[in-house]
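Visitor: Could you take me through one part of this structure closely? I would like to follow a single residue and see what surrounds it.

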Amino acid sequence: MIARVVIIPAAGDAGPLDYAVDPAMNAAVRPGVRVLVPLGSRQAVGMITETADSSPHPRLRTILTVLDAQPLLDGTLLRLCHWMAEYYLCSFADALTTALPGSLRASVERVAHPLPAPSSASSDQ
């Protein structure tokens, strides 16, 4: 089984990513369930948006664990999130994040700090 996973909060412009499902997890993997997946050299939380029997990608990484016993979003809410993404021109991941209960929303804040200006004493030498 293949699970299509959307990383939440949004990981750039990445759309759904395909992941292999361990046969032991088949019963727990359903659309609307959050999962922990490998993403590059780190791990990320994502939501399964659909399942499939095959993928066009030859090598898939495997879902690490299922985080929810029951789906957080049902089919109706997933369709609403698709509509929101198209209508409001936002990413599907942003729409999914908005639909999640507030206690389950993760946010990412990027902070940049300016470097101190080079001292003029070192430039005189």
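Guide: This is a predicted model. The residue to follow is Arg4, which counts as buried because its relative accessibility is 18%, and the cut-off for buried is under 20%. Arg4 lies in strand E1, which spans residues 2-7.

Next come the charged partners of Arg4. The side chain of Asp18 meets that of Arg4 in a salt bridge, with 2.8 Å from N to O. Asp18 belongs to strand E2 and Arg4 to strand E1, so this pair ties together parts that are 14 residues apart in sequence. Asp18 is buried too, with a relative accessible area of 12%. Arg4 also forms a salt bridge with Glu50, where the closest N and O atoms are 3.7 Å apart. That pair links distant parts of the chain, since Glu50 sits in strand E4 and Arg4 in strand E1, 46 residues apart. Glu50 counts as partly exposed because its relative accessibility is 39%. Arg4, Asp18 and Glu50 are thus linked in a network of salt bridges.

The strands that hold these residues belong to one sheet. The sheet is open and has five strands, in the order E2-E1-E4-E3-E5, with antiparallel pairing. Its edge strands are E2, residues 17-20, and E5, residues 65-66, and each of them pairs on one side only. Between E1 and E2 there are four bridges, in the antiparallel sense; in one of the pairings, Ile2 has Ala20 of E2 as its bridge partner. E1 and E4 run antiparallel and are joined by six bridges. Here the bridge partner of Val5 in E4 is Ile48.

In a regular strand the side chains alternate between the two faces of the sheet.

Val5 and Ile48 lead to the nonpolar part of the picture. The largest nonpolar core has 15 residues, and Val5 and Ile48 are among those that touch the most other members, along with Ala3, Val29, Val35, Val37 and Ile63. Strands E1, E3 (34-39) and E4 each supply at least two residues of this core. Apart from it lies another core, of 13 residues, including Met47 and Leu96. Ile48 has Arg4 among its contacts, leaving aside neighbours within four places in sequence; Ala3, Val5, Val29 and Ile63 are also on that list.

In soluble globular proteins, nonpolar side chains tend to be buried together.

Further along the sheet, E3 and E4 pair in the antiparallel sense over six bridges, one of them with Leu39 and Arg42 as partners. These two strands form a hairpin with two residues between them, and Gly40 in the turn has a positive phi of about 65 degrees. Helix H2, residues 92-99, lies across E1 and E4 and runs at about 80 degrees to E1.

The structure holds three salt bridges, and one does not involve Arg4: Arg34 and Asp68 form it, with their closest N and O atoms 2.8 Å apart. Arg34 lies in strand E3 and Asp68 in the loop between E5 and helix H1, so the pair ties together parts that are 34 residues apart in sequence. Both Arg34 and Asp68 are buried.

To return to the starting point, Arg4 is a buried residue that shares a network of salt bridges with Asp18 and Glu50.

Methods:
Residues numbered from 1 in each chain as written. Predicted model: local features only at pLDDT ≥ 70, side-chain atom pairs only at ≥ 80, totals over all residues. Heavy atoms only, no water. Pairing = 2+ DSSP bridges. Contact = heavy atoms within 4.5 Å. Axes fitted to C-alpha atoms, helices over the stretch in contact; angles between N-to-C directions. Core = buried A, V, L, I, M, F, W, Y, C linked by side-chain atoms within 4.5 Å. Buried < 20%, exposed > 50% of the residue type's maximum accessible area, 1.4 Å probe, protein only. Salt bridge = Lys/Arg side-chain N within 4 Å of Asp/Glu carboxyl O.
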